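Here are my notes from a pass through this model. Have it open while you read, and go point by point.

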Amino acid sequence: MASLSNGHPSMDVKFRRLFIDGQFVDSVSEKTFETIDPRTGDVIAAVAEGTKEDIDAAVQAARHAFDSGPWPRMSGSERGRILMKWADLIDQNAEELATLDAMDAGKLYQWCKMEVPSVANLLRYYAGAADKIHGEVLKMSGNFQAYTLLEPIGVVGHIIPWNFPSTMFFIKVSPSLAAGCTMVVKPAEQTPLSALFYAHLAKLAGIPDGVLNVVPGFGKIAGAALTSHMDVDKVSFTGSTQTGREVMQAAAKSNLKQVSLELGGKSPVIIFDDADVDRAAELALIGILFNKGEVCVAGSRVFVQEGIYDEFEKKLVEKAKAWVIGDPFDPKVQQGPQVDKRQFEKILSYIEHGKREGAILLTGGKAVGNKGYYIEPTVFTNVKEDMLIAKDEIFGPVMALTKFKTMEEAIKSANNTKYGLAAGIVTKNIDIANTVSRSIRAGIIWINCYFTFENDVPFGGYKMSGFGKDFGMEALHKYLQVKSVVTPIYNSPWL
């Protein structure tokens with residue numbers, strides 16, 4: 001079983017402390033919490049637990065760095081140069097960072113080895129954008145002219161989830177740093193390890209003290225303190241819809257800080273009669289089992305047209321039963337453990353709900369082994385739209401499979417959800433693809449593919465899946481404010 005020995009840099013005890021104002025420090029309370037290896041349930045390490053007082057210290061450091069420090073006052077090209085150096089350091093430590101995420105989150109090590117270089121490239125993307133932030137010159141009526149400035153919003157609080165610790169860290173940190181903001185990051189309590197090591201590498205790259213602060217802790221304490229802090233100018237949160245509501249309430253009750261939210265999903269995958277059945281079954285299975293279903297855009301509701309339904313169901317079940325579950329460090333394994341005991345038990349509870357409500361269990365539905373948090377790939381059919389397994393975000397390897405007749409019926413069912421994060425369409429008919437993609441209320445639509453992300457492609461939700469975009473220039477602009485400047489023109493030969 002793979003692990004990191006004490007000889008690895010990231011296992012230094014200082015990387016289990018809070019990172020505030022460029023230093024690793026103990027929490028004010030001196031409390032710690034345990035981060036758990038989901039393969040076994042054993043403790044990986046004790047990590048300093050951030051409290052309100054620690055958040056206060058981190059925000060104070062970020063505020064000083066923004067108001068008086070060099071980061072917002074550097075040229076964009078200089079900020080970009082430092083971010084490029086940070087990206088290089090990430091590449092140099094990629095194997096260690098991949099191991100941290102695989103251990104902490106139960107993610108496939110082979111995937112983590114690809115994910116870490118991809119976040120370095122995401123950082124480079126925004127490093128390249130740092131010197132391309134500019135406003136417009138505006139023509140006004142009368143003897144006046146105007147121009148706009150794009151200014152960094154200030155101190156940002158980032159709250160990141162546990163399912164993609166590295167990707168989520170850089171989705172938020174990269175554009176806000178490029179914009180010239182300073183920040184406090186609260187990683188999920190389940191997966192704090194890589195965030196702390198990234199902070200160490202940021203310091204080595206030359207990011208000034210106070211610009212990037214990382215405070216692990218619990219949402220009800222550290223997260224609540226960050227979202228309600230009067231000196232935080234914006235909060236960016238990724239997580240559950242219920243917690244997103246609490247973030248908005250805290251922002252409203254404090255200083256009306258700006259908020260961006262990427263929340264839950266119950267994404268539909270619609271497969272039409274003309275699809276290649278084997279390929280469609282493979283796509284649908286990956287859509288729900290990738291990262292053991294712990295994905296906000298997981299294709300958890302699969303709608304299959306009646307002409308191919310029986311063949312599709314048979315192939316899907318065959319593939320699900322052949323899916324390999326085990327230690328995420330084993331290159332043959334396709335699915336590791338759920339992130340922790342709480343998530344493990346939540347998923348099993350939803351499976352029991354599905355059985356009680358009358359859905360038919362085609363395969364899976366049970367825990368695997370007697371150690372760790374492994375669950376079989378689970379497929380239900382005969383799922384009604386009012387069942388919990390059809391409505392709630394389960395965040396695990398559980399698919400609800402449904403038959404449909406017409407395109408109109410599929411569109412109606414796909415939109416019958418409070419969420420609107422993503423959707424998949426499988427068809428060879430361009431007219432069907434165009435109609436359905438324009439009819440589904442979701443932030444990203446994949447046609448004959450799934451989980452296809454790119455640094456330049458905006459991603460975010462409709463409805464109760466949140467608002468605000470990640471990736472692309474839209475993400476950069478989340479962390480900028482527009483200021484208009486108007487000046488009179490005297491004796492101009494033209495207007």
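1. What covers the buried residues of helix H13? Bear in mind that this is a predicted model. The cover includes three strands, S12 (268–271), S13 (301–305) and S18 (398–404), along with helix H14 (430–439).

2. Now for H13 itself, which runs over residues 407–415. Its buried residues include Ala410, Ile411, Ser413 and Ala414. These sit on the same side of H13, because the arc they cover around the axis is only 165°. Turn to the other side of H13 and you find Glu408 and Lys412, both exposed. As a reminder of the background, an α-helix has 3.6 residues a turn, so residues three or four places apart point the same way.

3. Strand S8 is worth a look too. Are its residues buried or exposed? Five of the five residues in S8 (residues 182–186) are buried, so the strand is largely enclosed by the rest of the structure. Thr182, Val184 and Lys186 point one way, while Met183 and Val185 point the other way, and all are buried. That fits the general pattern: in a regular strand the side chains alternate between the two faces of the sheet.

4. Which strand pairs with S8? Strand S7 (residues 155–159) does, in the parallel sense and over five bridges. If you want to find the register, start from His158, whose bridge partner in S8 is Val185.

5. On to charges: the count of salt bridges comes to 23. One of them joins the side chains of Asp327 and Arg39, at 3.6 Å from N to O. Asp327 is in the loop between helices H10 (309–322) and H11 (341–356), and Arg39 is in the loop between strands S3 (32–37) and S4 (42–48), so this pair ties together parts 288 residues apart in sequence. Asp327 is partly exposed, with a relative accessible area of 21%. Arg39, in contrast, counts as buried at 3% relative accessibility.

6. Another salt bridge is between Asp131 and Lys132, with the closest N and O atoms 2.8 Å apart. Asp131 counts as partly exposed at 45% relative accessibility, and Lys132 is exposed, with a relative accessible area of 54%.

7. Glu246 and Lys220 also meet through their side chains in a salt bridge, at 3.6 Å from N to O. This one links distant parts of the chain, 26 residues apart: Glu246 belongs to helix H8 (residues 241–253) and Lys220 to helix H7 (residues 219–227). Glu246 is partly exposed, its relative accessible area being 32%, whereas Lys220 counts as exposed at 67% relative accessibility. There is a network as well: salt bridges that share partners join Arg63, Asp67, Asp231 and Asp233.

8. Which residues make the nonpolar surface patch of about 270 Å²? Val137, Tyr147 and Leu149 do. Leu149 lies in strand S6 (residues 144–152), and it is partly exposed, with a relative accessible area of 32%.

9. Last, a small point on Glu95, found in helix H3 (residues 94–105). Glu95 is exposed, with a relative accessible area of 57%. From Glu95 to Pro117 is 22 residues in sequence, and in space they are 9.6 Å apart, C-alpha to C-alpha.

Terms used. Residues numbered from 1 in each chain as written. Predicted model: local features only at pLDDT ≥ 70, side-chain atom pairs only at ≥ 80, totals over all residues. Heavy atoms only, no water. Buried < 20%, exposed > 50% of the residue type's maximum accessible area, 1.4 Å probe, protein only. Helix = DSSP H or I, 4+ residues; strand = E, 2+ residues; numbered from the N terminus. Arc of directions from axis to C-beta. Contact = heavy atoms within 4.5 Å. Patch = residues over 30% accessible without salt bridge, like charges linked within 9 Å, V, L, I, M, F, W, Y side chains within 5 Å. Areas by Shrake-Rupley, 256 points an atom, 1.4 Å probe, with all protein chains shown as cover. Salt bridge = Lys/Arg side-chain N within 4 Å of Asp/Glu carboxyl O. Pairing = 2+ DSSP bridges.
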